[in-house]
Amino acid sequence: MQNTDKKTGIIYEDLPKIQNLLKSGQLQICIVGIGRIGLPTALSFANSNLPTTGVDVNENLVSMIKSQNFPLKDEPGYLEIFNNVIKNKRFSVTTKIEEAIPQANVVLLSLPTPVDENKNPNYSALESVGKQLHNLMTKGTLVIVESTVEPGYIENTFVKFLEGNDGRLIAGKDFGLGVCPETANPGEILKDFKSLPRLAGALDDKDANIIIEIYKHVFPVEIVKMPDCKTANVAKLTTNVFRYINIAFVNELAILCEKLDIDIMKVLEAADMKYNFQVHYPGPGVGGPCLPVNSVQILHSAKLLGKNLLRMVSLSQEINEGMASHVLDLVAESLKSVGKKLNESTVLILGVSYKPNVKDVQITPAEPVIKKLQEIGTKIKIYDPYFKATSIFNINVENDLSEAISNIDAIILITAHDEFKHIDPTFLGSKSKSLIVIDTRGIIDIRAARKAGLIIRGIGRGGK
Ligand SMILES: NC(=O)c1ccc[n+]([C@@H]2O[C@H](COP(=O)([O-])OP(=O)(O)OC[C@H]3O[C@@H](n4cnc5c(N)ncnc54)[C@H](O)[C@@H]3O)[C@@H](O)[C@H]2O)c1
């Protein structure tokens, strides 16, 4: 193990030394939090010939990786990298942070930053690990936060956990601190790591330069120097909050289209021909660990400043969270048209992931829809190819689509998995009479569905 002048010098300040360590494959990397984003990140560092240790509190995850079982089967390209870095011993994992941190030159944090039940950002994982780092890291360590946080959190709060109260570690003197917010899209992380520019900000300029040097070694993309951590963090939040607000707009536009009896898909297709329009699509709600959470984070930072700012984001929350009720209205109205009641019906939920083609139910829009149906007393079946043989929201997921479509009154399609995009409407209606289909993603051909005898509705799908 390389013992990099820990006593005499601050390695993160020494660019030529860092360059040498990168070139000779001796810069010791530790990544705390090896989940959806942290594990691919760790593998990319290890695959760039840097000795990398992943630390996680999840014992099952760590023992799964130790037994060479790759947990992210839905991330194309990473299984091969995983096998490769395990074979050449560039990557190891542990639950023991106290063993990994003292060895590390660079510590990356890819810890969860969710929202709590009161809709406030929950930074408890960063707080807990930050306090541990104070006791464990040696002088000269560079800490890089990849987790998404609101502006000011690093400079005003997190740095204090690292410095502690004993005067041993001072930021900018005894350790470096910066951010490189993660922007990759689950399901295409490797592709994004090879194409999306990264934003690097730090407490001071020299730290930012070192972060850029390290990331350039690993990622073949532009690493953009930001003036500070908070600019980098606001830029990261802006991309997702922009989408969140635009989805809220099209969600309400969709409801207007239904009232006008026109099809929002025709509207969006036509609008998208204008060069300065960016298309967004309506849906049953906005899920995942990013868009809804980032909206809370940016609102929280406005609140801390005591400003009544970003009211548009609050309104977007209200609109997007209201879409589950709209979905229920669509299914209840359609059932009524064939003389059935929602509380006496059996509804199949197609897809529970918050986005297509991944196994992930974080803040999924399926959950509020299912909860509302449960409150009403509707019988619920679930089919999702990524959750076969598991139980989600206390409901056993069907193993076979053909079984799942038997003896049901309605289908609510929540997730646009590829498997559902090519579904034959005739097949859907083959095992249930007067079947209602609520396609919340606009992926089923409405005309073909009607021809097949289905009663189909979709968000914003009025008209011919
Ligand atoms: N998933 C995404 O789409 C995505 C995209 C961009 C950015 N991000 C951001 O990246 C960060 C990580 O997100 P994720 O989706 O990878 O989360 P995740 O929940 O998949 O992974 C986080 C990991 O951290 C571990 N962990 C929690 N507390 C810990 C502790 N005290 N010590 C060690 N390990 C601990 C968990 O066990 C888990 O394995 C978040 O800030 C998120 O907002 C996520």
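This note goes through a predicted model point by point, from the ligand site to the salt bridges and the surface.

1. The ligand site. The ligand is surrounded by 23 residues, and the closest of these are R36, I37, D56, T113 and T148. Sorted by class, the shell holds twelve nonpolar, seven polar and four charged residues, and it is worth keeping this make-up in mind when reading the individual contacts in the next point.

2. Polar contacts of the ligand. An N or O atom in the side chain of D56 lies 2.5 Å from an oxygen atom of the ligand, while a polar backbone atom of R36 is 3.0 Å from a ligand oxygen. On the nitrogen side, a nitrogen atom of the ligand is 3.4 Å from a polar backbone atom of V57. The ligand taken alone exposes 820 Å², and the protein buries 86% of that area.

3. R36 beyond its ligand contact. Besides being one of the closest residues to the ligand, R36 is linked with D74 and E75 in a network of salt bridges. The contact listed above for R36 is made by a polar backbone atom, whereas a salt bridge is counted from a side-chain nitrogen of Lys or Arg to a carboxyl oxygen of Asp or Glu.

4. T148 and Q297. T148, which is also among the closest residues to the ligand, offers its backbone oxygen to the side chain of Q297 at 3.1 Å. Q297 belongs to helix α12, which covers residues 291–304, and its relative accessible area is 0%, so Q297 counts as buried.

5. Helix α2. Of the ten residues in helix α2 (residues 38–47), nine are buried, so the helix is largely enclosed by the rest of the structure. The buried residues are G38, L39, P40, T41, A42, L43, S44, F45 and A46. After α2 comes N49, which has a positive phi near 70°.

6. Other positive phi values. Two further residues other than glycine deserve a look at the backbone: D261 has a positive phi near 60°, and S434 has a positive phi near 45°. D261 sits in the loop between α10 (229–260) and α11, and S434 in the loop between α18 (425–428) and β14 (436–439). D261 has a relative accessibility of 46% and so counts as partly exposed; S434, with 38%, is likewise partly exposed.

7. A buried salt bridge, D263 to R461. Among the 19 salt bridges that a search of the whole structure finds, one joins the side chains of D263 and R461, with an N to O distance of 2.7 Å. Because D263 lies in the loop between α10 and α11 and R461 in the segment after β15 (455–458), the pair ties together parts that are 198 residues apart in sequence. Both D263 and R461 are buried.

8. A partly exposed salt bridge, R457 to E333. The closest N and O atoms of R457 and E333 are 3.3 Å apart, and the two residues form a salt bridge. R457 is in strand β15 and E333 in helix α14 (residues 323–337), so this pair connects parts that are 124 residues apart in sequence. R457 is partly exposed at 27% relative accessibility, and E333 is partly exposed at 44%.

9. The D14 to K17 pair. K17 and D14 also form a salt bridge, in which the closest N and O atoms are 3.9 Å apart; for a reader checking this pair, the cut-off applied is 4 Å. K17 has a relative accessible area of 22% and is partly exposed, and D14 is partly exposed at 27%.

10. A nonpolar surface patch. L256, L260, I262 and V267 make a nonpolar patch of about 310 Å² on the surface. V267 is placed in helix α11, residues 264–271, and its relative accessible area of 30% makes it partly exposed. The α10 to α11 loop has already come up twice in this note, as the place of D261 and of D263.

Key:
Residues are numbered from 1 along each chain as its sequence is written. This is a predicted model: local features need pLDDT of at least 70, side-chain atom pairs count only at pLDDT 80 or more; totals for chains, interfaces and linings use all residues. Side-chain values use heavy atoms; hydrogens and water are left out. Patches are made of residues with over 30% relative accessible area and no salt bridge: like charges are joined within 9 Å, nonpolar side chains (Val, Leu, Ile, Met, Phe, Trp, Tyr) within 5 Å. Accessible areas come from the Shrake-Rupley method with a 1.4 Å probe; for residues, only the protein chains shown count as cover. Helices (H or I, at least four residues) and strands (E, at least two) are DSSP runs, numbered from the N terminus. Buried means under 20% relative accessible area, exposed over 50%, partly exposed in between (1.4 Å probe, protein chains only). A residue is near a molecule or strand if one of its heavy atoms lies within 4 Å of it. A polar contact is a pair of N or O atoms within 3.5 Å; within protein, one must be able to donate a hydrogen and the other to accept it, and residues adjacent in sequence count only if both atoms are side-chain atoms. Ala, Val, Leu, Ile, Met, Phe, Trp, Tyr, Cys and Pro count as nonpolar, Asp, Glu, Lys and Arg as charged, and the others, Gly among them, as polar.
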